[in-house]
Amino acid sequence: MIKTIDVGTKYPGVSLATLASAKDLLFLTGHCPTDADGNAIEGSFEEQVNVTFENLRTTLQTAGLSFASVVKLNVYLTKVNPEILATFKKVRNTFVNLEAPPAFTVVGISELWDPKIMIEIDGIAVATSQA
């Protein structure tokens with residue numbers, strides 16, 4: 001059975017996560033630095049990374065999970081350089097389980113759906129039977 005996780009945002013036709021209960025996996029749709037209405041949050045790269053991880057946390061908590069359940073994250077950045085990566089890692093490390101960190105892929109891309117947005121993250125979490 002596959003179930004969409006509704007975190008209460010107003011993205012028409014978009015789910016922020018899909019739980020495949022037969023396999024106990026939660027598939028996280030791309031999360032960006034947006035407010036609950038889907039509006040892009042402007043700010044520094046560090047602020048955008050923090051908001052994106054907060055949005056991921058909200059989705060995980062809504063599904064009854066935490067970052068300890070995350071096994072894979074794909075990160076899409078509109079700019080990649082050593083300073084950007086160091087900033088990303090600094091913020092990421094405040095959210096993920098550092099004792100058993102998820103697998104990460106970081107990809108540089110030319111742009112996202114809003115020119116103000118500099119980061120998008122999708123991923124996979126292992127759900128427990130309670131989710």
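Strand E6 (119–126) is mostly covered, with six of its eight residues buried (buried is under 20% relative accessible area, exposed over 50% and partly exposed in between, with a 1.4 Å probe and protein chains only). Helices (H or I, at least four residues) and strands (E, at least two) are DSSP runs, numbered from the N terminus. The model is predicted, with local features needing pLDDT of at least 70 and side-chain atom pairs counting only at pLDDT 80 or more, while totals for chains, interfaces and linings use all residues. Residues are numbered from 1 along each chain as its sequence is written, and side-chain values use heavy atoms, with hydrogens and water left out.

It helps to begin with the partners of E6. Seven bridges join this strand to E4 in the antiparallel sense, and Leu 77 has Ile 119 as its bridge partner in E6. E3 also pairs with E6, again antiparallel, over five bridges; here Leu 28 is matched with Gly 123 of E6. Pairing of two strands requires at least two bridges found by DSSP.

We can now turn to the largest nonpolar core, which has 23 residues (such a core is a set of buried Ala, Val, Leu, Ile, Met, Phe, Trp, Tyr and Cys residues joined through side-chain atoms within 4.5 Å). Phe 53, Leu 60, Phe 67, Phe 88, Ile 119 and Ile 121 touch the most other members. At least two core residues come from each of E3 (25–31), helix H1 (45–62), E4 (70–77), H2 and E6, and H1 gives the largest share, five residues. Beyond its neighbours within four places in sequence, Phe 53 is in contact (heavy atoms within 4.5 Å) with residues including Phe 67, Leu 73, Phe 88 and Ile 121.

The aromatic residues complete the picture. Five aromatic pairs are found in a search of the whole structure; rings of Phe, Tyr and Trp (its six-membered ring) pair if their centres lie within 6.5 Å, with planes under 30 degrees apart counted as stacked, over 60 as edge-to-face and the rest as tilted. The ring centres of Phe 88 and Phe 104 are 6.1 Å apart and their planes are at 80°, so this pair is edge-to-face. It links distant parts of the chain, 16 residues apart, with Phe 88 in helix H2 (residues 82–92) and Phe 104 in strand E5 (residues 103–108). Phe 88 is buried at a relative accessible area of 1%, whereas Phe 104 is partly exposed at 23%. Phe 53, Phe 67, Phe 88, Phe 95 and Phe 104 form one aromatic cluster.
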